[in-house]
Structure formats: C-alpha cells, structure tokens
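Work through the exercises below with the structure in view. Try each task before reading its solution.

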Amino acid sequence: MRTKSVGKKKINVVTLGCSKNVYDSEVLMSQLKANGKEVVHEDRGDIVVINTCGFIDNAKEESINTILDYVEAKNRGEVEKVFVTGCLSERYKPDLIREIPDVDQYFGTRDLPILLKHLGADYKHELVGERLTTTPKHYAYLKISEGCDRPCSFCAIPLMRGGHVSTPIEKLVLETQKLAKKGTKEIILIAQDLTYYGLDIYKKRALGELLKELVKVDGIEWIRLHYAFPSGFPEDVLDIIREEPKVCNYIDIPLQHINSDLLKSMKRGTTHEKTDALLAKFREKVPDMAIRTTLIVGYPGETQERFQELKEWVKEQKFDRLGCFTYSHEENTGAYVLEDDVPQEVKEARVEEIMELQSQISWEKNQAKIGKTFKCVFDRKEGNYFIGRTEYDSPDVDNTVLVSAEETYISIGEFAEVKITSAEEFDLYGELV
C-alpha cells in the first residue's frame with residue numbers, strides 16, 4: 001500500500017519572481033509529467049517545490065515567507081515534503097539550511113537533474129524544449145540564454161545564475177515550433193541580457209539572426225523582446241523590428257539611471273550622452289516603437305541634484321512604459337562596499353515622484369490613441385470586460401485594452417481590431433471594429 005501511495009503523490013510547483021523563473025518551473029513540470037508524476041502549479045499537493053527569487057530585499061522576503069508558510073503546513077501535516085530551488089536557494093543555501101532546517105532539501109538554479117532524482121524522476125534529455133506552460137495558451141516565454149557576464153555593481157544575478165550561456169538557434173526554433181503546435185501565438189524572448197546573445201557560441205551578437213529564423217515559424221504572430229542591455233546593442237535588430245511584421249514594435253531595455261557618474265559607478269558601460277544617442281537611434285530606425293525601461297533610485301551617491309537630472313530626463317524622453325525600483329544594498333555585489341547613503345524613505349519618495357511623472361506621460365500618450373484602431377490579443381475576461389493588449393504592451397507589466405463583455409464576445413487568445421474610445425493612465429477602452 002505504501003509503494004502505491006508514493007506513486008500517487010501530487011507535486012505542487014510554486015513560482016516566485018521573474019519570467020525566467022516561470023520558464024524554469026515550466027521545464028521542471030514537463031520533466032515531472034514525462035516521468036508519470038501528477039504535477040500542478042500553485043495548487044494543492046502532497047509535495048511542494050518552491051522556485052524562489054533572491055534578487056532584491058522584497059523578493060527575498062516574499063520567498064522566505066513562502067518557505068515558512070509551507071514549512072508550517074508541513075508541520076501541521078498538510079503537506080509531506082517541502083523542496084526549495086531557484087535563486088534564493090542558490091545564493092543563500094548555507095544560511096537557509098541553518099535558519100529553516102525543516103525544508104527537506106535545497107537546490108540551486110542548475111540542479112534540475114538532482115532535484116528530479118529527489119522527486120523520484122529522471123532527467124530526460126529528449127525533452128529539451130518541452131514545457132508544461134503555466135501562462136495562457138496563446139503566449140509563452142522563450143528563454144534564449146542563461147546567466148550574465150555583465151559586471152553591474154548593483155546586481156546579484158551572476159552570483160545566482162552564473163555566466164552567460166546562449167542556447168543555440170536551432171534549439172530555440174525547435175522549441176518555438178513545439179509551442180506553436182500547442183497554440184502559442186506570441187513568444188516573449190527573455191534572458192538576463194538579450195544584447196549579449198550569441199557572443200559565446202557564435203563569437204558575434206546573433207539576436208538578429210535568431211529573429212530571422214523565429215519569424216519563419218508558422219503560427220507565431222508576435223515576437224516580443226525583453227531585457228536588452230544598452231551597451232553594445234546590435235543595431236541590425238532595429239531593421240528587423242521595423243521590417244518584419246511578426247516582431248513587435250516594442251523593446252524592454254532597462255537603463256537604470258542617466259547620471260553619467262552613477263552609470264560609471266554602476267558599471268553600466270555607458271553615459272548620459274551615449275544613452276540619449278541610442279534612444280535617438282531607436283526612434284529614428286523604428287518611429288513606431290514602444291520603449292519600456294526600468295530605473296533604480298537611491299543608488300549610493302544619488303544626490304538630490306543627480307535625482308533631479310533623472311527626473312528631467314524622464315520628462316524629456318517620455319518613455320512609453322516605465323518601472324521604477326528602490327536600490328537594494330546586496331551583499332557580494334560591487335556596490336556593497338559603497339555606503340548605502342540614501343535613506344529608505346527618500347528612496348520610496350523618489351519612486352513615487354518618478355511614477356507620478358510617468359503616470360502623466362502615459363495618460364497623455366493614451367489620450368492620443370483615442371479614435372485609432374489597433375490589433376489586440378485578448379488574454380482573459382475580468383468582470384464585464386475582455387482584457388487585451390496591443391503589440392506595444394507585454395502581459396502583466398504594461399497597458400491593457402478593455403472591451404465590454406456585455407456588448408460583444410471575444411475568444412481568449414484571439415486577435416481582433418479594436419477602436420479606442422476612451423483612455424486612462426494605464427488602460428484603454430475600445431470596441432471591436
């Protein structure tokens with residue numbers, strides 16, 4: 001009886017953090033399913049695998065709280081085993097073992113075969129490119145590389161993910177073909193750094209060549225670029241974005257700051273002037289491009305004057321999409337030797353100032369869309385609205401398009417032409433054309 005019950009254990013995979021973790025969880029779940037395991041995502045299970053994030057303080061806190069919650073559930077007899085994997089576990093494994101010993105086992109970011117063994121499964125090499133996707137069927141993330149070779153002083157990702165390793169083009173094409181056969185219509189290219197893609201295996205930047213192959217995959221309608229590093233950006237990619245209908249007029253390029261002295265301290269390999277020149281090139285080559293960026297405020301040495309420079313620059317650039325975060329003083333990073341000299345309340349106030357600015361910019365840009373028609377994909381239905389996106393918007397982080405569900409019906413995952421009738425800061429309202 002005991003042997004039989006072991007075979008029926010349900011494994012619950014819990015994902016925290018970024019889209020790279022979502023991807024990793026999907027690979028794990030695919031391997032488990034291929035081994036005949038019953039696997040669910042963020043549901044009830046006998047065994048829990050927590051895929052953690054260890055990037056900044058808030059993410060670490062969420063991961064630790066989640067671990068503690070499941071350990072308590074284990075102590076109450078509600079789950080049998082708790083395994084922890086991902087970035088937090090990679091970075092702080094000795095500390096976690098000491099502080100939360102009731103976890104059955106900790107694993108790092110590259111320990112998938114070992115984790116599978118502990119779950120009674122074998123790593124199946126023939127499944128490379130197979131995933132049990134957790135996103136809506138019509139879109140999926142495509143991780144084109146792992147790790148990062150950049151020396152950014154504030155970032156702990158190389159400590160958790162290791163050096164940059166590109167996935168060969170032919171493997172990514174095969175993975176995309178498999179996704180398309182399952183109904184995926186939009187793929188979102190993710191990596192710690194898209195810009196660096198190919199340098200390790202092809203000895204040149206090969207993001208453009210990858211895009212040229214991916215657009216050939218039947219069934220894929222949109223290809224979106226996330227997380228491109230500004231320094232060394234391959235300009236041939238801009239020509240492909242402009243000329244190839246499948247590649248969305250969209251790019252996510254985290255710029256972090258604009259003050260040249262802070263950029264130098266951050267080891268970003270660029271300056272205020274070079275950043276402005278790159279953005280001008282983007283807009284010259286692809287006038288219709290939506291540019292998304294993220295900024296860090298409160299980095300050591302960010303005086304009020306330097307923050308003011310950042311604010312003026314945000315006003316001037318009028319980014320289509322923008323996120324802002326407070327600096328997190330991370331041990332073993334280059335910036336950890338610097339004094340964390342901006343008080344937390346000042347950091348948070350600066351985030352609010354930047355986001356207030358961006359809210360106004362977004363409102364103005366959205367007002368200009370009223371009366372225009374856009375191709376939209378619809379991700380879900382909420383209340384009385386179908387929720388969709390234009391090609392200028394990525395899921396979960398950008399603007400949405402709302403169409404009344406009382407007056408019309410739209411199939412989830414389908415594309416439709418929508419005329420915008422009204423707009424708010426981050427939402428567009430429209431009707432089918």
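The exercises that follow concern a predicted model.

**Exercise 1. Describe how helix α7 and helix α8 pack, and list the residues in their contact.**

Step 1. Locate the two elements: α7 covers residues 169–181 and α8 covers residues 207–214.

Step 2. Take the geometry. The angle at which the two helices pack is about 35°, and their axes are 10 Å apart. The crossing of α7 past α8 is right-handed.

Step 3. List the contact residues. α7 contributes Ile-169, Leu-172, Val-173 and Thr-176. From α8 come Glu-209, Leu-210, Glu-213 and Leu-214.

Step 4. Sort the residues by class: the contact of α7 with α8 has 5 nonpolar, 1 polar and 2 charged residues.

**Exercise 2. Find the element that holds Leu-189, decide whether Leu-189 is buried or exposed, and name its contacts away from its sequence neighbours.**

Step 1. Leu-189 belongs to strand β9, residues 186–190.

Step 2. The relative accessible area of Leu-189 is 0%, so Leu-189 is buried.

Step 3. Leave aside the neighbours within four places in sequence. Among the residues then in contact with Leu-189 are Leu-142, Ile-144, Leu-207, Leu-210, Leu-214 and Ile-223.

Step 4. Add a distance to Glu-209, which is 20 residues from Leu-189 along the chain: the two C-alpha atoms are separated by 14 Å.

**Exercise 3. Place Ser-19 and Tyr-227, and state what joins their side chains.**

Step 1. Ser-19 is in helix α2, residues 19–34. Tyr-227 is in the loop between β10 (222–225) and α9 (236–243).

Step 2. Ser-19 has a relative accessible area of 8% and is therefore buried.

Step 3. The side chains of Ser-19 and Tyr-227 are joined by a polar contact of 3.4 Å. Apart from neighbours within four places in sequence, Ser-19 also touches Tyr-141 and Ile-190.

Step 4. Check the backbone of Tyr-227. Its phi is positive, about 65°, although Tyr-227 is not a glycine. Most residues other than glycine have a negative phi.

**Exercise 4. Find the loop that holds Lys-318, then give its phi and its accessibility.**

Step 1. The loop between α12 (304–317) and β13 (321–326) contains Lys-318.

Step 2. Lys-318, not a glycine, has a positive phi of about 50°.

Step 3. With a relative accessible area of 37%, Lys-318 is partly exposed.

**Exercise 5. Trace the side-chain polar contacts of Asn-259.**

Step 1. Asn-259 sits in the loop between β11 (247–252) and α10 (260–266). Its relative accessibility is 7%, so Asn-259 counts as buried.

Step 2. One partner is a backbone atom: the side chain of Asn-259 reaches the nitrogen of Asp-261 at 3.1 Å.

Step 3. Another is a side chain: a polar contact of 2.8 Å joins Asn-259 to Glu-309.

Step 4. Leaving aside neighbours within four places in sequence, Asn-259 is in contact with Arg-306 and Glu-309.

**Exercise 6. Count the disulfides, then examine Cys-53 and Cys-248.**

Step 1. Apply the cut-off: the two cysteine sulfur atoms must lie within 2.5 Å. The count is 0 disulfides.

Step 2. For Cys-53, the nearest cysteine sulfur belongs to Cys-87 and is 6.0 Å away. Cys-53 is buried, because its relative accessibility is 11%.

Step 3. For Cys-248, the closest cysteine sulfur is in Cys-376, at 12 Å, which is too far for a bond. Cys-248 has 0% relative accessibility and so counts as buried.

Technical notes:
Residues are numbered from 1 along each chain as its sequence is written. This is a predicted model: local features need pLDDT of at least 70, side-chain atom pairs count only at pLDDT 80 or more; totals for chains, interfaces and linings use all residues. Side-chain values use heavy atoms; hydrogens and water are left out. Axes are lines fitted to C-alpha atoms, for helices over the stretch in contact, and angles run from 0 to 180 degrees between N-to-C directions. Helices (H or I, at least four residues) and strands (E, at least two) are DSSP runs, numbered from the N terminus. A crossing is left-handed if the near helix is turned anticlockwise from the far one by less than a right angle, and right-handed if clockwise. Contact means heavy atoms within 4.5 Å. Ala, Val, Leu, Ile, Met, Phe, Trp, Tyr, Cys and Pro count as nonpolar, Asp, Glu, Lys and Arg as charged, and the others, Gly among them, as polar. Buried means under 20% relative accessible area, exposed over 50%, partly exposed in between (1.4 Å probe, protein chains only). A polar contact is a pair of N or O atoms within 3.5 Å; within protein, one must be able to donate a hydrogen and the other to accept it, and residues adjacent in sequence count only if both atoms are side-chain atoms.
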